[in-house]
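Here are a few exercises to work through with the model open in your viewer. Try each one yourself before reading the solution.

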Amino acid sequence: MARFALPLAVILIFAVSSTSGQFSCPKHLPCYCFVSAMNEYKIHCAINSTANSAFDITIQPGNKVRIQCKNSPDWSQFLLGSAIVVGPVVKFEFDSCAAPGPMYSAKIVDWQINALGVEYLKYEDFSAPLTVQDFNVFTQLKHLVLSYNKLGQLQRDLLRGLPNLKRLELKNTSIAEIPQGFFDNSSSLRTLELNGNKLESLAPGIFDRLKQIYSLNLGQNNLHEFKPDVFHNLQNLTALDIQLNNLKTLPANIFADLKSLEVIEFGGNNFISLPADLFQYNPELKIVNHSNNTGNLTTLPGKLLFGFANLKVVSLAHSGIHYLPEDLLWGSTSMIELNLNENYLKKLPTNLLKDAAELHTLSLSSNDQEFLEAGTFFNNKKLIKLDLSKNHLTFIKEYTFDGLEYLQELNMEHNDLTYINVDAFASLQQLKIGKFANNKLTLRTDVFDLFGQISPFHACASLEVLDLAHNNIEEIFSDWMVTSTNLRTVDLSYNKFEKLQAADFQFTSNRIKVHLSHNNIQLLNLARLEYFSTNQIADKSNVMHPRNAIVFLSSNPIQCDCELYDLVRYLNNQMDLQAQEFVKLNVKNMTCDGPEHMAGLVVEQLETSAIKCRVQSAKAQKDDPCAANSTCDCWMTPSDNSLLLDCARRNLTSPPAWINTRGYDCVELDLSRNKLRSGPNMSAKGYDKVVSLNLAENKITDVEMNLITPNLKILNLEGNNLTSLNSEVLKKLFDVSNISQLTLRNNPWICNCSSRDLLSNFQMGYKQISDFVNITCQNSIVSLSRLTIDELCQFSDNLIIIAGSLASLFVLLMSCVATLYFCFGKQIKIWLYSKNACLCLVTEREVDKGKIYDAFVSYSHKDEEFVVKELVTKLEEGPRPYKICIHIRDWLAGECIPVQISRSVEDSRRTINVLSPNSIESVWARMEFQTAYKRALSEKRARVIIVVYGEIGHIYDLDTDLRSYLTMNTYVKWGDPWFWKKLKYALPHSVIRSTITDKENNCVSTIDRTIVSKQINQLQVIFVNEKSQTVFEDVEEISQSISNE
């Protein structure tokens, strides 16, 4: 008893709250409880942390309890053994839970949850089999939902403990068979949903006990046939759904007991035949759905639906029907909807609908109808919606739609209509929506009223939406503008419109959208838009009604010529405000398709001044520059009513003799970039109206008086050969003329004292000269705007002085250069050569003058035999012997070794470094290489030649400088077949020598006599490198020794 003390205490603690109809989270509950929303509580009980299993309980007091299981928690651990009091609830739901089973069902519901009066039970996402014990605790249950679970097999007595059950949902539960007697204890059942299962047959009498049932759904199974008595005793059944099975036919009296049947859904089957008296015992039928039949049932039995006074809706869509018996629907006077879409009907029987006086909607879309008989709809006066789209209708006769006085929507899209009689829609005065897109209509009637040609829709006064996209229409009809005051949308996109004018936008409807995109509109003339907007209809108080008329014009090949001028005025808000508000033209993304000079421009961004059009003489006149065979182009600009005469770049040597002004107010003449030597004769015919004259970049040398006329306002003389202007021309230009823009730059103006009048007038009339700051004197960059009269007179003298000064300075500079070169020529050449500058003046031979030896050989004494017998011997022999320096022969005894190394490197044109294993270990050989290497770096010349003798090992083990040199330079290796050629190529070339005999040492050597003589006659100071000391004594000894010899 002790272990039940805590749960009992909890029950007692919350007894008061339960009686008051309220719930709150228990304070001592061993689970986490919180309020999640208004009047909703959640309890989370973690059961097994390793498996992460838990119970999540949602409580809506007075309404619902929902238990969600996470990772299959053990029902023995529910609420961790504690209890709560929920009180009366209507719904109880299990989500992702296995059934509690007989052991825990009563404990959980009655004791731990204490939920009372449950009427609705739902299991979600579970697959464990259910037993009768799982429902015993829910004695008051009325609604059981087991849909969308994998039940598979049902126990015969599953519903035994649910005598009050009224609704059972078993949709999509993979049931293949219903056990005999399954419904024996379910006599109160009203609704049974068995659709979406795997039923193939039904046992006779399976539903016999369901005498109270009124809705039975057997759709979406695999039923092939019904036994005649399968629906025996179902006298209260009002709705039967057997669609989407595999039925091919039905027994004649299958529905004999269904006296109350109102709705029958039997489409989506494989019917190839139906009994003629299938529904003879079902007088209450209201809805018949036989859509989507897949069998070969091309027609229906005559009078199949005859005389059903309560029949409202019939759907025979997509059933493969080719023709219908005329008496199919006779006597069914209450029918309001008939759907015959997606069949193969070529003709609708004339009297098929003679008794359908209440019909509201008729759908005949996607059939094969080619024409409609007049009078077909005469008795269907209440028809509101008629769909005839996607057929093969080619015309509509005058009386085709007679009787449809209340029709509001007519859909005839995607037919082959080419003609509609002018009075075909005379009775459609209530029509609001007309859909006629994707036909071949022009809508021409050849019937006109005071405002123009009328369309077949002229009698449709209530029309609001008219869809005529993708047709062959070319004009706006008068009834759309005048009588269709309710019109809201007219879709005329993808038609054949080529031109529009202001009169086409006189819509009396103040709220209309007209779509004219994707037509072939090239001309859009709004010249009279302002006139029409002033005649806008006002009310009795003379107050204009606000308008929202919008016309969409994008994606048309518009021609941006003078006809478009008023549209550009409209887009630039240059029209009256009333005209701007009269109609809103949407030209978004519209670009000019022509003329060529305007192609590609965005219409919304055009300025009125940019609009111009070609002008040509109707009859050619002699010397008329606007004639068709003229070299000039003539344009008209409507923005200022001007004639533009473009004669630029025509290689003209003389201007046009006269101009035919054609009545325009002014002329703009462009003669730039030709070969004119003088301006036009402005007294000739037509030149008096020239307001702009462009003579830029010609060869004009003088400006004549008659060039300046009273009407001339712009004169461009840029880039000619003008040097001055006489005083009379200057006076007329700046004192008399009306020229406001004068361009004179890039002319060779003479600037001297004779130009004082020119400068004075230029400065006084600077406002007229647009480029005054850019006018310069001949052969100068000085601007006239910066000169004074005094400076102008000095200008020529200053030029002479400047030129003389520059010449004197040049002579002085050349003299200094010659003197320096005479005194320091050698040093200059050496410096230039070291800097790689002016190499054409400096040669290597000149830099190396004064060098005694061709090469100094650096080696280890251990390699002396190879050096003396092989290397030196071969180099000092032959027709072009080299002067070689080696330390055993050419160094003086007793002298400091580092000094001798430096001197030998300095006195030699090259240093040959014999690189061998012995020399790598030799300190002196390393010093000799470093001295030569640094000397070569300082002179920026190739002075060092490496001869590899023997195996020297890996290059990375060598001294840093030596490794760096071998990495960046090539070397010669002893034993190479090309050894001597490569070596001699690296040594100095073309040295002419003579032989000198050393009598004292009895040896012969080759010495450059030029060098010797220079050494004798001039005391040399030798710089070994930047860090070496100067050795004066050695120089004297060498000089004395050479002199004695």
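**Exercise 1.** In which sense do strand β42 and strand β43 pair, and over how many bridges?

*Solution.* Keep in mind that you're looking at a predicted model. Start by finding β42 at residues 908-915 and β43 at residues 944-948. Follow the two strands and you'll see that they pair in the parallel sense, over 5 bridges. For a handy landmark, pick V914, which stands opposite V947 in β43.

**Exercise 2.** Place β42 and β43 in their sheet, then work out which strands are at its edges.

*Solution.* Step one: the sheet is open, has 5 strands and reads β41-β40-β42-β43-β44, with parallel pairing. Step two: look for strands that pair on one side only; these are β41 (884-885) and β44 (972-973). Step three: add a helix. Helix α12 (residues 864-875) packs on this sheet and touches β40 (853-858), β41 and β42. The direction of α12 makes about 145° with that of β42. Step four: add helix α17 (residues 960-968), which lies across β42 and β43 and runs at about 90° to β43.

**Exercise 3.** What is the strand order in the open sheet of 7 strands, and which strands stand at the edges?

*Solution.* Read across the sheet: the order is β33-β34-β35-β36-β37-β38-β39, and the pairing is mixed. At the edges you'll find β33 (613-614) and β39 (741-743). Each has a single partner strand, so one side of each is left without a neighbour in the sheet. Now zoom in on β37 (residues 690-694) and β38 (residues 714-716): they run parallel and are joined by 3 bridges. Here L693 stands opposite L715 in β38.

**Exercise 4.** Find the bridge partners of Y120 in β9 and in β6.

*Solution.* Begin with β8 (residues 120-124), which runs parallel to β6 (residues 91-95) and is joined to it by 5 bridges. On that side, K91 stands opposite Y120. Then turn to β9 (residues 143-145), which pairs with β8 in the parallel sense over 3 bridges. The partner of Y120 in β9 is H143.

**Exercise 5.** Is Y419 buried, partly exposed or exposed, and which surface patch does it belong to?

*Solution.* First locate Y419 in strand β22 (residues 419-420). Its relative accessible area is 40%. Buried would need under 20% and exposed over 50%, so Y419 counts as partly exposed. Finally, look around it: Y419 forms a nonpolar surface patch with F371 and F395, and together they have about 260 Å² of accessible area.

Definitions and conventions: Residues numbered from 1 in each chain as written. Predicted model: local features only at pLDDT ≥ 70, side-chain atom pairs only at ≥ 80, totals over all residues. Heavy atoms only, no water. Pairing = 2+ DSSP bridges. Helix = DSSP H or I, 4+ residues; strand = E, 2+ residues; numbered from the N terminus. Contact = heavy atoms within 4.5 Å. Axes fitted to C-alpha atoms, helices over the stretch in contact; angles between N-to-C directions. Patch = residues over 30% accessible without salt bridge, like charges linked within 9 Å, V, L, I, M, F, W, Y side chains within 5 Å. Areas by Shrake-Rupley, 256 points an atom, 1.4 Å probe, with all protein chains shown as cover. Salt bridge = Lys/Arg side-chain N within 4 Å of Asp/Glu carboxyl O. Buried < 20%, exposed > 50% of the residue type's maximum accessible area, 1.4 Å probe, protein only.
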